[in-house]
Amino acid sequence: VVVSHPRLSLPPEECATLARELGGGKGLIVCGWGEHGPDFPEAIAALASKLGCAVLADPLSGLRFGSHGRDDILCRYDAFLRRGSVQENLRPDWVLRFGAMPVSKALQQFLAALPAMPHIVVDAGGRWPDPLHLATRLLRADPALLCRQLASVIEAAAPSSWRAAFQAE
């Protein structure tokens, strides 16, 4: 028996539209648990670098360790997200989330305080993993493939001060 595992991707025009919406903006990538595939860590690191934004990586995301670039992957965000100044100083224009909602209460509260902006959730299985009811768009796509698609068409990164502000915290 031959079993095929097709990979879901966005149509090129939809990917280009999404790239225009994300490119140049102060974004935040959030990664929770998920079966993202072995090539996801490299793909998400490349996308974060191209967008100039931080990745808040849940302990269950599989992004905290490995051979992929981790310059933009922040693992110890709980402490700084609890500070009141963070809500004012690190307010993203959009949130792109892969996988399940992270288990961090501080991160969930931070995201819940950002309801008036695009919250894009990526899930290959078509589930709606959005317990905070913030998602404005659900993308049914393979996470690694989507990252590579977006990285290939993103034209502008966020201001360099945006990533630096997260890393400073």
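What follows is a walk through the overall fold of this protein and then its core, based on a predicted model.

Starting with the secondary structure, the protein has seven helices and six strands. Read from the N terminus, these elements come in the order α-β-α-β-β-α-α-β-α-β-β-α-α. The radius of gyration is 15 Å, close to the 15 Å that the globule rule gives for 169 residues, so the protein is as compact as a globular protein of that length. As for its dimensions, the C-alpha trace spans about 55 × 35 × 30 Å along the principal axes. Take the contacts between residues at least 6 apart in sequence, and 67% of them turn out to join residues at least 24 apart.

On the outside, the protein has an accessible surface of about 8,400 Å², and carbon and sulfur atoms account for 54% of that. Charged side chains come to 17 positive and 17 negative, with 4 Å between the centres of the two sets.

Turning inwards, 46% of the 169 residues count as buried. The largest nonpolar core holds 53 residues, and the ones touching the most other members are Ile29, Ile44, Leu47, Leu81, Leu96, Phe98 and Leu111. Helix H2, spanning residues 40-51, gives the most to this core, putting in six residues.

Leu96 makes a handy example from that group. Setting aside neighbours within four places in sequence, Leu96 is in contact with Leu22, Leu28, Ile29, Val30, Leu47, Ile120 and Val122. Two of these partners, Ile29 and Leu47, also appear with Leu96 among the core residues that touch the most other members.

Methods:
Residues numbered from 1 in each chain as written. Predicted model: local features only at pLDDT ≥ 70, side-chain atom pairs only at ≥ 80, totals over all residues. Heavy atoms only, no water. Helix = DSSP H or I, 4+ residues; strand = E, 2+ residues; numbered from the N terminus. Rg over C-alpha atoms; globule rule 2.2 N^0.38 Å. Buried < 20%, exposed > 50% of the residue type's maximum accessible area, 1.4 Å probe, protein only. Contact = heavy atoms within 4.5 Å. Areas by Shrake-Rupley, 256 points an atom, 1.4 Å probe, with all protein chains shown as cover. Lys, Arg positive; Asp, Glu negative; His and termini not counted. Charge placed at Lys NZ, Arg CZ, Asp CG, Glu CD. Core = buried A, V, L, I, M, F, W, Y, C linked by side-chain atoms within 4.5 Å.
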